[in-house]
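Here is a short set of exercises to work through with the model open beside you. Try each task before reading its solution.

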Amino acid sequence: MAARTKTTAKPRPAYRCTECGNQLPKWVGRCPECNSWGTVEEYGAVPLRTTAAGPVSSPAKPIGQVDGQVATARTTGVPELDRVLGGGLVPGAVVLLAGEPGVGKSTLLLDVAAKAASDRHRTLYVTGEESAGQVRLRADRINALSEHLYLAAESDLGAVLGHIEAVNPGLLILDSVQTIASAELDGAPGGPAQVREVANALIRASKERGMATLLVGHVTKDGQIAGPRLLEHLVDVVLSFEGDRHARLRIIRGVKNRYGATDEVGCFELHDEGIAGLADPSGLFLTRRDKPVPGTCLTVTLEGRRPLVAEVQALMVDSQIPSPRRTTSGLESPRIAMILAVVERHGGVKLGKQDIYTATVGGVKLTEPSADLAIALAVASSSSDTPLPSNLVAIGEVGLAGEVRRVTGVQRRLAEAHRLGFTHALVPPDPGKVPPGMKVVEVSDIGEALRAIPGRRRPARPRQEPSAPPAAAPPGGAGDPARAALQAYVPAHPEELMDGWEPVGADELD
């Protein structure tokens, strides 16, 4: 019997991206990790490895015997940030805070660093973008000084880990993760491989020491967090810091949270002395006037689970160009275009030769559909140059057929409006429990919403009778009975109805 020979598989060559260090089993023209072309090169054979069972760090135990007290959240000293985090910072948690340049990330975290520092829990603030003197000047300006707050300016990962060993902090703030690099890897700071290595090293240090870590992240021009997508998977919490640099309002939204819900938002006001939390930010979104003006309407939006009263404005002027302008600020342009089409088609308001400008007050961005009805009423008010009552809020989504649809959280929205002194509201059908003393009118379509606005009408203008009966119209035309029956549900002249309304005070309303 012939002897059987044992064959071994020939090691296959391996490939690696010279830009980000990503390893690939075969050659490709573009690296799938960093999307760089022509950077994949062969560097050797892939060794065949097997992992044997090894010692464990701690034995597995029933989940009921695990001590949950070690993961109790500790407050940051900033209530609005605690709201988004779910009560505070959990020991060992790694939080990634991302936002556009100049939005106030460093200012907020320096304030958190000073307020969270104590004798038992030191805070280490590491900056890789500024010098220690620059951070000290900001700390003096916002009064963020504490004897238990330690400051270091480093850009090397080894030096950062050395500061952690020396200070032994309970909270580490790194500004920012894209500016720190490891000497053991090639590539510039901020590259995918460097960001991955820095994040992994800091996560290991946080878990081993029970140290909470706040990482500042850069964003791209598209608003996405810079670096590999893996960074968002590695950390425990991802927060987005939003706000217009020309406005005072700043909002923190939870994108990912392993310790709490992601439907909470924190509101802040940026001023010369720093940044402060806003427990009641609705005042930033309203314009205080002695009397109502045309083209404005109030609505109640939900930011997470927090209701906020916001004001939308519309301005219509005769266009001097063949293609009228449609300009928006704080609102979504596709949504505005849809609402304008519905108002013109199902409301009868002529908008074709008008330049239309729509905006929000206070820098707030309204993206949810609950503001549709308020936008439609503001456009109709501006078209007729007739103010709406100042004590009215409008809540509802507008469909393409002109119907007003229900939205979530109507009761919470009405309760917030009632708390701020609003007495009348236009809402979709079946709003639920209404606050006592508040008059709520249910509307099912745009035409009904125009008629239901509280106020009184002027005497109707006389209409001239036609001198001769109109000629018979062809089937499907303006005189067709079927078409007339269809138009019976749509007001023929809603702009005249708007002209008939006069603004009245709250004491004159029923």
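**Exercise 1. A salt bridge within a helix**

Does Arg419 count as buried, exposed or partly exposed, and at what relative accessibility?

*Solution.* Two notes on the setting come before the steps. This is a predicted model, in which local features need pLDDT of at least 70 and side-chain atom pairs count only at pLDDT 80 or more, while totals for chains, interfaces and linings use all residues. Residues are numbered from 1 along each chain as its sequence is written, and side-chain values use heavy atoms, with hydrogens and water left out.

Step 1: recall the classes. Buried means under 20% relative accessible area, exposed over 50%, and partly exposed in between (1.4 Å probe, protein chains only).

Step 2: apply them. Arg419 has 47% relative accessibility and counts as partly exposed. Glu416, at 10%, counts as buried.

Step 3: look at the pairing. The side chains of Glu416 and Arg419 form a salt bridge, 2.7 Å from N to O; the term means a side-chain nitrogen of Lys or Arg within 4 Å of a carboxyl oxygen of Asp or Glu.

Step 4: place the pair. Both Glu416 and Arg419 belong to helix α9, 3 residues apart, about one turn of the helix. Helices (H or I, at least four residues) and strands (E, at least two) are DSSP runs, numbered from the N terminus.

**Exercise 2. Other salt bridges**

How many salt bridges does this rule give, and which residues do shared partners join into one network?

*Solution.* Step 1: the count comes to 24 salt bridges. Glu80, Arg83, Asp263, Glu264, Arg305 and Arg306 are joined into one network by salt bridges that share partners.

Step 2: take a pair inside helix α3 (residues 132–142). Arg136 and Asp140 are 4 residues apart there, about one turn of the helix, and their side chains meet in a salt bridge of 2.9 Å, N to O. Arg136 is partly exposed at 45% relative accessible area, and Asp140 is partly exposed at 39%.

Step 3: turn to a pair between loops. Asp430 and Arg406 form a salt bridge of 3.7 Å, N to O. Asp430 sits in the loop between β20 (424–427) and β21 (439–442), and Arg406 in the loop between β19 (404–405) and α9 (410–419), so this pair ties together parts 24 residues apart in sequence. Arg406 is exposed, with a relative accessible area of 53%.

**Exercise 3. Two helices that meet**

At roughly what angle do the axes of α2 and α3 cross?

*Solution.* Step 1: the axes of helix α2 (residues 105–116) and α3 come within 10 Å and cross at roughly 70 degrees. Axes are lines fitted to C-alpha atoms, for helices over the stretch in contact, and angles run from 0 to 180 degrees between N-to-C directions.

Step 2: name the arrangement. The two helices, α2 and α3, are therefore roughly perpendicular to each other; that label covers 65 to 115 degrees, with under 35 roughly parallel, over 145 roughly antiparallel and the rest oblique.

Step 3: list the residues. Ser106, Thr107, Leu110 and Asp111 in α2 meet Val135, Arg138, Ala139, Arg141 and Ile142 in α3, where contact means heavy atoms within 4.5 Å.

**Exercise 4. The sheet**

In what order do the 9 strands of the open sheet stand, and which strands are at its edges?

*Solution.* Step 1: the order is β6-β5-β7-β8-β4-β9-β10-β11-β12, with mixed pairing. Two strands pair if DSSP finds at least two bridges between them.

Step 2: find the edges. β6 (149–153) and β12 (274–277) each have a single partner strand, so one side of each is left without a neighbour in the sheet.

Step 3: zoom in on one pair. Strand β5 (residues 123–127) and β6 run parallel and are joined by 5 bridges. Val126 stands opposite Ala152 in β6.

Step 4: add a helix. α3 lies across β5, β6 and β12, at about 145 degrees to β6.

**Exercise 5. Backbone details**

Which two residues does a cis peptide bond join, and where is Asn143?

*Solution.* Step 1: the cis bond joins Asp175 and Ser176, with omega about 5 degrees. Ser176 is in the loop between β7 and α5.

Step 2: Asn143 is in the loop between α3 and β6. Its phi is near 60 degrees, a positive value in a residue other than glycine, and Asn143 counts as exposed at 65% relative accessibility.
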